[in-house]
Amino acid sequence: MLRPSEKYNDEDLFKGSTMTFGEHLEELRVCLFKAILGLVVGLLFGLAVGQPMVHLIERPLKNALGNYYQRQSLKNVQARLEELQEKGYRLPADPDELAEQVAAMGLQPRSLYINPLELAQILKATYPEQFRDFEHDEATTGGFEKPNLREIFIWEPIEDSIKVTSLSFGEPFAIYMKVSLVVGAILASPWIFYQIWSFVAAGLYPHEKRYVHVFLPFSIGLFLAGVLLACVFVFEPVLNFLLTFNEWLDIAPDLRINEFLGFVLILPLGFGISFQLPLVMLFLERITIFSVKDYISKWRMAVLVIFVISMILTPSDPYSMTLMAIPLTFLYFGGVLLCMFMPRRRSPYDVALAD
């Protein structure tokens, strides 16, 4: 029991935070309405920049396709040059070296069949001085039968093969709207997080509300860091990884922008939301569901759960799952340190109950 000198004032220290269940629902309704209003404003900005953002989102896809076709070009050119060398053709350089030079120029081969005698006729008619010594018999010109034709290959830019398709008239419009919505959600994320933390602050004690001013920028920073990590370091490497299976299985890719957009929607939002892990851990520690001791003793189970969640929030490939799980593992231990350095303040009633 408390000694008389240690008795606390009869005044309710936490009466400023007392809210009924109905008042909590009303506060939730107001915060949700403001968050949705902010999302609508962000969507309007997203509609204004929708077209360049679609091209920006297409860039990782086109870069990955370009890398795929460049590897295919290198393999095809090497095989073709080695075939010509075996037939006795004199090449200006080693087939491997020449193929690398051609691929570095962003070119790929395409086969054509021509009748050499007909080509010679055309050249002689066009450039009579240069081909005046050329003689041929009209009867030996031949026709379009394959024995009379010769295969040649020409070089064309790899960019000509990089095409992103849509299969319906309404698909481009749906893509524009989805991209605008994602851009709007990212632009409005500071306001949305502010409303979420405002609702949380309404149920806190007066001395705990100051943490909102710390957690809010921290929460926004973690969300934007997750989005940035997905956009800069995940998109193109994951696409390159997935396209290696097209190359390995010899399956030509014919990608739709709508399918890629689903990939784009999942990764940034999944990364941004999952990066809230340290704050979620701190919140659970604050409401005494878990303690720092629990976090430390159960870290192996926590890492397993992180990898399972990363598998759910990312496409079905180990690359993106690993790129999400590794930062989340570090954030988990960062959350443990956060709980240690910002311990939960014990209320006077905790002391009284302990005595």
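Let me start with one residue, D96: its relative accessibility is 35%, so D96 counts as partly exposed. The cut-offs here are under 20% for buried and over 50% for exposed, with partly exposed in between. Keep in mind that this is a predicted model.

Where is D96 found? In helix α3. D96 also belongs to a group: together with E82, E86, D94, E97 and E100, D96 forms a patch of negative charge on the surface. Two helices, α2, residues 50–86, and α3, residues 95–104, each supply at least two residues of that patch. The largest share comes from α3, with 3 residues.

Now to another helix, α10, which spans residues 299–313. I will take two of its residues in turn.

The first of my two is L304, which has its place in helix α10. L304 has a relative accessibility of 51%, and therefore counts as exposed. L304 is also one of the residues in a nonpolar surface patch of about 670 Å². The others making up that patch are M301, V305, V308, I309, M311 and I312.

The second is S310, which also lies in α10. Is S310 buried or exposed? S310 has a relative accessible area of 0%, so S310 is buried. What is S310 in contact with, leaving aside its neighbours within four places in sequence? The answer is M321, M324, A325 and L328.

To recap, the negative patch takes its largest share from α3. In α10, L304 is exposed, whereas S310 is buried.

Methods: Residues are numbered from 1 along each chain as its sequence is written. This is a predicted model: local features need pLDDT of at least 70, side-chain atom pairs count only at pLDDT 80 or more; totals for chains, interfaces and linings use all residues. Side-chain values use heavy atoms; hydrogens and water are left out. Patches are made of residues with over 30% relative accessible area and no salt bridge: like charges are joined within 9 Å, nonpolar side chains (Val, Leu, Ile, Met, Phe, Trp, Tyr) within 5 Å. Accessible areas come from the Shrake-Rupley method with a 1.4 Å probe; for residues, only the protein chains shown count as cover. A salt bridge is a side-chain nitrogen of Lys or Arg within 4 Å of a carboxyl oxygen of Asp or Glu. Lys and Arg count as positive and Asp and Glu as negative; His and the chain ends are not counted. The place of a charge is taken as NZ of Lys, CZ of Arg, CG of Asp or CD of Glu. Helices (H or I, at least four residues) and strands (E, at least two) are DSSP runs, numbered from the N terminus. Buried means under 20% relative accessible area, exposed over 50%, partly exposed in between (1.4 Å probe, protein chains only). Contact means heavy atoms within 4.5 Å.
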